[in-house]
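Biologist: Got a minute to go through this one with me? I'd like to start with the ligand site.

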Amino acid sequence: RSALVWFRDDLRLGDNPTLTAALTSGLPVTALYIFDDATPGPRALGAASRWWLAQSLKSLAADCTKIGLPFAVRRGSAKTMVAEAAEEAGAEAAFWSRRYSADLSNIDAAVEEELSAKGVRVESFNASLLREPWEVKAKTGGPLKVFSPYWRAANTMGEPAAPLPRPKKADVIAGPTLGGVEIEALGLEPTTPDWAGSLREVWTPGETGAVEAVERFLEEGLKGYAENRDRPDMEATSRMSPRLRFGEVSPRQLWHAVERAKEEGMATSRDVEKFRTELGWREFSYHLLHHFPDLSTRNFQERFDAFPWSPPKPEHRRAWRKGLTGYPIVDAGMRQLWTTGWLHNRVRMIVASFLIKDLLIDWRDGEDWFWDTLVDADHANNAASWQWVAGSGADAAPYFRVFNPTLQGQKFDPNGDYVRAFVPELSKLPAKWIHMPWEAPGEVMRAAGVTLGKTYPEPIVDHYVARDRALAAFAKLKAAS
Ligand code: FAD
């Protein structure tokens with residue numbers, strides 16, 4: 001008799017309520033991960049996420065070995081694989097952490113049915129959110145569609161529980177060892193070409209990497225977070241998003257860690273408050289996804305269904321994806337995304353606004369690109385945030401608020417250091433001109449070695465013309481609704 005732990009988006013040992021419940025059940029424990037690309041329905045992982053997943057699984061496998069927990073990886077339909085594994089392990093109970101996108105929770109329901117029919121008990125836990133998405137409610141009982149009341153309501157529910165300790169060898173009674181496949185055999189990592197070199201330089205996926213990254217953030221980034229979190233030229237945010245996405249760290253670990261940092265004088269109350277509010281936005285996205293399962297494909301505000309998007313011009317879409325729009329902050333952002341799999345929040349907003357409003361391309365096109373290229377591509381956050389920028393979402397930025405990429409660059413990257421880091425062909429331009437090279441005097445451009453149209457593109461659209469076009473499109477929508 002044994003307990004089967006099915007790891008999914010909770011790739012950690014510390015503060016893992018699912019693992020802790022299995023280990024304290026008194027049963028020997030066997031752990032499993034299934035790479036399910038066989039069940040039809042769920043959106044396939046993007047390329048950057050696949051790379052992250054492979055690294056995170058290797059790290060989890062090594063950590064399980066260290067504590068003597070048998071861990072196997074299999075590939076195939078979850079419904080078949082979990083039932084088979086439960087039978088092989090002689091499991092009387094299966095434990096897993098809940099998932100919140102409808103296509104994945106439908107799979108979980110089907111697996112549960114299959115296991116129950118075989119007499120295997122299922123226990124599921126919340127390992128990735130501060131609150132269950134359905135727990136926070138409007139007074140009327142329905143979903144909350146505006147962030148501030150959502151977050152106020154969530155905060156009246158008391159302090160999130162303290163994190164659970166990381167299990168040690170002595171806590172484990174090992175169950176049977178299951179056969180499985182090598183993680184390399186899942187084909188998650190690129191081979192030819194191996195484009196992941198720049199990701200490897202920036203990231204150390206896995207729980208150990210996550211714990212170190214949290215400590216670094218507490219020591220170096222949290223102080224001043226409230227003031228500097230909008231500055232892409234500074235290392236002022238936590239970069240926890242891929243860790244949270246794959247569950248290498250839990251939000252409640254972060255919630256409590258920042259308080260500890262404040263007590264040790266490493267941050268102010270304002271920094272802690274602001275950071276927790278950002279975790280709140282993540283919670284709000286999951287609340288929305290729970291209540292509106294089509295968030296990544298359908299306009300939250302239905303009136304946007306009639307929005308007159310342009311058919312995407314291939315050359316515009318390509319210029320945006322490659323960071324060749326001629327707007328330095330947009331190009332720096334898109335190249336940061338391509339090389340590192342991550343993008344600063346302020347710049348996500350700028351590049352998304354550029355696609356949606358300057359190029360008039362449907363937000364879903366951009367959401368899809370982010371899904372493929374972000375290491376933190378997240379079912380809830382990506383969809384909710386794209387809709388937020390598009391103006392079609394819940395509590396969204398009004399459509400008529402169009403970001404001016406030049407002014408945004410000057411405000412949030414005042415010395416141009418962020419642009420210099422990712423657009424080397426502009427690196428010699430002085431700060432005064434770096435966000436608008438088309439305005440720079442000829443001698444400045446010559447001294448910096450920049451020739452528009454040759455060494456760096458001319459702007460692919462005139463922002464002011466594009467802005468008027470977007471506002472006219474929005475006016476049509478307003479008139480129609
Ligand atoms: P920090 O500032 O350190 O914040 C800590 C954590 O809070 C983050 O890791 C994240 O989990 C959460 N958070 C922060 N800002 C937001 C926000 N605006 N909305 C929701 N949660 C937030 N985030 C993703 O995790 N995955 C995505 O796929 C994703 N796609 C986005 C697409 C667009 C167009 C935009 C505008 C934003 C998107 N975001 C997404 C939200 C946000 O940009 C990232 O979470 C953040 O930049 C991650 O960096 P960080 O971990 O250093 O954030």
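Modeller: Sure, terms before anything else: Ala, Val, Leu, Ile, Met, Phe, Trp, Tyr, Cys and Pro count as nonpolar, Asp, Glu, Lys and Arg as charged, and the others, Gly among them, as polar. This is a predicted model, where local features need pLDDT of at least 70, side-chain atom pairs count only at pLDDT 80 or more, and totals for chains, interfaces and linings use all residues. Numbering starts from 1 along each chain as its sequence is written.

Biologist: OK, how do the residues of the shell around the ligand divide into nonpolar, polar and charged?

Modeller: There are 11 nonpolar, 8 polar and 8 charged residues in that shell.

Biologist: And which residues come nearest to the ligand?

Modeller: Thr237, Ser238, Asn345, Asn382 and Ser385, out of 27 around the ligand. Being near here takes a C-beta atom, placed from the backbone, within 6 Å of the molecule. Two or more shell residues each come from α9 (241-246), α11 (269-291), α14 (345-358) and α16 (379-390). Those labels are DSSP runs numbered from the N terminus: helices are H or I with at least four residues, strands are E with at least two.

Biologist: Just past α16, then. Is Ser392 buried or exposed?

Modeller: Ser392, in the loop between α16 and α17 (405-412), is buried because it has 23 other C-beta atoms within 10 Å. The cut-offs are 20 or more for buried, 12 or fewer for exposed, and partly exposed in between, with C-beta atoms placed from the backbone.

Biologist: What does Ser392 touch?

Modeller: Leaving out residues up to four places away in sequence, Ser392 touches Asn299, Phe300, Gln301, Phe304, Trp363 and Gln387. Contact means backbone-placed C-beta atoms within 7 Å. Ser392 and Phe307 are 85 residues apart along the chain, with 9.8 Å between their C-alpha atoms.

Biologist: Switching topic: why does Val465 count as exposed?

Modeller: Val465 has 10 C-beta neighbours inside 10 Å, so it counts as exposed. Val465 sits in helix α21 (residues 463-480).

Biologist: Now the strands. How many bridges join β2 to β3?

Modeller: 5 bridges join β2 (residues 29-35) to β3, and the two run parallel. Strands pair if DSSP finds at least two bridges between them. Ile34 has Arg74 as its bridge partner in β3. From β2 the chain goes through α2 to β3 in a right-handed β-α-β crossover, meaning a clockwise path from the first strand over the helix to the second, with the strands pointing away from the viewer.

Biologist: And how many residues of β3 are buried?

Modeller: In β3 (residues 71-75), 4 of 5 are buried.

Note on methods
Contact = placed C-beta atoms within 7 Å.
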